[in-house]
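This report covers a surface patch, the core and the overall layout of one chain. Please look at the structure before reading on.

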Amino acid sequence: MTTSAARWRIVVELQVFGFTGSPDLITKILTVPPTKTWRVGDPVPPSILRRKENCWIREAGAAPAAPLEEHLAALADLITSIAQNFTRLPKDAGVEVFCDVYDYVGEVTMLLPRRFIEAIASIHASLRVDYCDLREHG
């Protein structure tokens with residue numbers, strides 16, 4: 001199968017949120033750099049809204065047009081490599097994994113491999129999956 005940005009866009013990421021203190025502390029604990037972070041009060045572009053909690057985010061690392069399986073495998077590998085560090089997170093930190101799929105042609109198969117689910121369970125994270133069927137019907 002040929003993939004391109006026009007066929008789908010997938011984002012799979014690990015989020016640590018709701019903690020007091022700096023996102024730099026999360027980086028130090030987890031030992032991997034974030035893809036992005038924000039702090040309470042930071043602006044939410046392009047609006048006038050402000051962030052209500054601190055957040056540390058690490059994307060899986062696969063290209064947005066890569067198949068879902070590559071995203072899930074990359075994040076499972078990352079989580080597995082640092083799983084022992086999650087026990088040292090601040091008690092007020094929440095941990096979630098997000099899987100957002102924007103499917104423009106109806107070709108993405110929503111299959112979450114056991115290895116991916118086991119990695120998420122090992123760090124006691126919640127999982128949110130959003131699938132958007134964006135095919136033009138008519």
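## Nonpolar surface patch

M110, I117, L127, V129 and Y131 make a nonpolar surface patch of about 360 Å². Such a patch joins nonpolar side chains (Val, Leu, Ile, Met, Phe, Trp, Tyr) within 5 Å, from residues with over 30% relative accessible area and no salt bridge, that is, no side-chain nitrogen of Lys or Arg within 4 Å of a carboxyl oxygen of Asp or Glu. Areas come from the Shrake-Rupley method with a 1.4 Å probe, and for residues only the protein chains shown count as cover.

Strand β5 (residues 126-133) gives the most to the patch, with three residues. Y131 is found in β5 and is partly exposed, with a relative accessible area of 34%; buried means under 20%, exposed over 50%, and partly exposed in between.

## Basis of the model

The model is predicted: local features need pLDDT of at least 70, side-chain atom pairs count only at pLDDT 80 or more, and totals for chains, interfaces and linings use all residues. Residues are numbered from 1 along each chain as its sequence is written, and side-chain values use heavy atoms, without hydrogens and water.

## Nonpolar core

The largest nonpolar core (buried Ala, Val, Leu, Ile, Met, Phe, Trp, Tyr and Cys joined through side-chain atoms within 4.5 Å) has 33 residues. Helix α2 gives the most to this core, with seven residues.

## Layout

The chain has three helices and five strands, taken as DSSP runs (H or I, at least four residues; E, at least two) numbered from the N terminus. Their order is β-α-β-β-α-β-α-β.

Conventions:
Buried means under 20% relative accessible area, exposed over 50%, partly exposed in between (1.4 Å probe, protein chains only). Patches are made of residues with over 30% relative accessible area and no salt bridge: like charges are joined within 9 Å, nonpolar side chains (Val, Leu, Ile, Met, Phe, Trp, Tyr) within 5 Å.
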